[in-house]
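Trainee: I should like to go through this model and learn how each descriptive term is justified. May we begin with the question of confidence?

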Amino acid sequence: MIYNKTKNARKTKLKIKWGKMNRFTKITASIGPKCEDKKTLTKMIQAGVNVCRLNFSHDTGDVQGKKIDLIREISAKLNIPVAVMIDLQGPKHRIGNFETEEKFPLQHGQKFIFDKNEKPGNSSRVQLPDQDVFASLKIGDRILLNDGKIEMRVDSVTEDKIETTVLRGTEIWSRRGFNLPDTEIATSVLTDKDRADLEYALTKNPDWVAISFVQKPEDIAEVRDFITARTSHPVKIIAKIERPNAVERITEIAAASDGIMIARGDLAVEVPFEKLPAISRHIIRECRKMNKPVIMATQMLGTMVNSEFPTRAEITDVANTAYLRADSTMTSEETTIGINPVNVIETMTKILSYADSDAIANPYDWSRVENVPENDWSRSVASMAYLNKASAIVVFARDTITATQISCRKPDIPIIAVCRDRLIANQLCLTRGIFPIYDEDLFGQRDAFNAARSFGVEEGKLVIVDEDKISLRTLD
C-alpha cells in the first residue's frame with residue numbers, strides 16, 4: 001500500500017515490492033489510548049493500516065482533532081495515503097441510575113417498569129429518559145439490555161410508563177445500554193451531541209463519516225444535508241448496519257450512502273445470532289451491486305485485547321472476510337485498549353495477505369453477479385485485464401468512482417489509482433484492491449509505466465483507464 005514519490009521512479013525501486021501487493025483487503029483501525037502516540041501510530045501505519053477510525057462516543061472536540069492532525073502528519077511524512085474516518089455515537093439509548101451501585105437480580109416472569117421519573121431505580125423500576133422510545137414502543141416489542149443478556153417483553157405503554165415482563169436475564173444495574181429489535185424509533189439519526197461533534201470534525205476535513213444506528217435512507221440524506229450546509233469538502237458517508245430494519249432496507253441505504261459498515265456488535269444483539277453470517281454475506285453482495293465498499297467490523301481479533309495471539313476461530317473469521325471479498329476488516333478494542341496494537345495490525349496483515357493470495361490462486365467466479373449488466377464497462381475492464389494476464393490496472397482517478405466500480409467487479413488484479421488530489425487517494429484507501437498514489441506529476445503526464453514501477457511492477461501488460469478511454473500496453 002506504499003508509494004514513495006521520487007524524482008526518478010524509473011530507477012528507484014520501492015522497498016516493498018510486488019509481493020506485498022497481494023493484500024487486497026484493507027485494514028481499518030480504531031485509534032484510542034493505547035495507539036494514539038506518534039511512535040505507535042507510525043508503526044501501525046507502516047504495518048498496514050489504511051483507514052484510521054476515530055470513535056466520537058469517547059473523546060470529542062479538540063482531543064480528536066489533535067489525533068487527526070497527527071494522522072495527517074504521519075501520512076505525509078511516510079508518503080502513505082491514509083483515510084480518516086469519524087464515527088459518530090448516534091442515538092444510543094441507556095437506562096437511568098439505580099439507588100445503589102449494586103446489581104439488582106432479575107427473575108424470569110417478574111414485572112419490571114421503565115418510567116420518566118428521575119428518582120434512582122430499584123429492583124422493580126428505573127428511569128428511561130428517552131421520549132422517542134415511549135412514542136415508538138408497541139405492546140409485544142422486546143427490550144434487550146446489557147448486550148442482549150437481558151430480554152423483556154412490553155406489556156403496556158402509557159405516556160410516562162412502560163410495563164414489561166422479564167423473559168431472560170440475571171442482573172441489571174445503572175446506565176445499561178438497550179436495544180429495541182422490533183421497533184423503528186421515530187428519532188433523528190443525529191443527536192445534539194452528534195451535531196456538535198460533526199460540526200467540529202468538519203473543520204478538520206475528514207475523509208469519511210460513519211453514521212450509527214441508521215434505520216432508513218432518509219437518515220443518510222439528513223446527514224448529507226447537514227454536511228453540505230457546512231462545508232464544500234466532499235466528505236463520504238458510511239452507514240453502519242446495526243438494526244434489523246436497516247438490513248431489510250439495505251439496498252436503499254447502500255444506494256443513499258457511499259459505503260456500509262457491518263457493525264456486528266449491536267447487529268448480533270438485535271438479530272438471531274445464527275443469521276449473522278448469512279446477513280453479512282447478503283450485505284456484501286448488495287454493496288457490490290451498488291458499487292459501494294463494505295467494512296466487516298467487531299471482534300475480528302477480540303482476544304488480542306489481552307493476548308499476543310489470536311484464536312483459530314478469529315484467524316478464520318479474518319480470512320473469511322477476504323474470501324467474501326469485503327473491502328476492509330476493522331479493529332476495535334484490539335487497538336484502542338489492547339496490549340499490543342502494532343502486533344494486532346501485523347497479525348491481521350499476515351492473515352489477509354495469505355487469504356487474498358489464496359483467493360486469487362483459487363478464484364470464485366466473481367465476474368458474474370445478479371443485476372450487473374453484461375455490457376457493464378467496469379466488467380469489461382476486469383475481463384480485459386484477466387484475459388490478457390495483465391500485471392495491473394492503472395486508473396487516472398479524477399474522483400473515486402471509476403476505480404471503485406472496477407474494484408467492485410473483484411478482478412483479483414491490483415488497481416493502481418493515480419490521483420491528482422490527496423483527498424481522492426485517501427478516500428480510495430478503504431476500497432479493496434486499490435493502491436492509491438497521490439502525485440500531480442504522474443497524473444498530469446499520464447505516466448502509467450512509472451506509476452506501475454513505483455509498486456515494483458517491472459514487466460507485463462497494463463490495462464490503462466483514463467476517463468472513457470481504455471487501453472492495453474506492455475511495460476518496456
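Mentor: We may. The term pLDDT denotes the predictor's confidence in each residue, on a scale from 0 to 100. This is a predicted model, and the mean pLDDT of its chain is 91. Of the residues in the chain, 93% reach 70 or more.

Trainee: Over which residues does pLDDT stay under 50?

Mentor: Residues 1–19 form one such stretch, and residues 364–369 form another. The model has 41 contacts beyond four places in sequence for residues 1–19, and 15 such contacts for residues 364–369.

Trainee: How many helices and strands does the chain have, and why is the chain called as compact as a globular protein of its length?

Mentor: The chain contains 17 helices and 21 strands. Its radius of gyration is 24 Å, and the globule rule gives 23 Å for 476 residues; the two values are close, so the chain is as compact as a globular protein of that length. The C-alpha trace spans about 80 × 50 × 45 Å along the principal axes.

Trainee: What share of the contacts in the chain between residues at least 6 apart in sequence join residues at least 24 apart?

Mentor: The share is 69%.

Trainee: Why is I27 called buried?

Mentor: A residue counts as buried when its relative accessible area is under 20%. The value for I27 is 0%, and therefore I27 is buried. This residue belongs to strand β1, which covers residues 26–30. Beyond its neighbours within four places in sequence, I27 has contacts that include G48, V49, N50 and V51, as well as S328, T329 and I345.

Trainee: What makes I31 buried, and where is I31 found?

Mentor: The relative accessibility of I31 is 5%; this is under the 20% limit, so I31 counts as buried. I31 is found in the loop between β1 and α1. Residues up to four places away in sequence aside, I31 touches E36, L41, M44, C52, R53, L54, K67 and T336.

Trainee: What percentage of the residues in the chain are buried, and what supplies the area that the chain exposes?

Mentor: Buried residues account for 58% of the 476 in the chain. The chain exposes about 20,400 Å², of which carbon and sulfur atoms supply 50%.

Trainee: How far apart are the mean positions of the positive and negative charges?

Mentor: The chain has 68 positive and 67 negative charges, and their mean positions are 6 Å apart.

Notes:
Residues are numbered from 1 along each chain as its sequence is written. This is a predicted model: local features need pLDDT of at least 70, side-chain atom pairs count only at pLDDT 80 or more; totals for chains, interfaces and linings use all residues. Side-chain values use heavy atoms; hydrogens and water are left out. Contact means heavy atoms within 4.5 Å. Helices (H or I, at least four residues) and strands (E, at least two) are DSSP runs, numbered from the N terminus. The radius of gyration is taken over C-alpha atoms; the globule rule is 2.2 Å times the number of residues to the power 0.38. Buried means under 20% relative accessible area, exposed over 50%, partly exposed in between (1.4 Å probe, protein chains only). Accessible areas come from the Shrake-Rupley method with a 1.4 Å probe; for residues, only the protein chains shown count as cover. Lys and Arg count as positive and Asp and Glu as negative; His and the chain ends are not counted. The place of a charge is taken as NZ of Lys, CZ of Arg, CG of Asp or CD of Glu.
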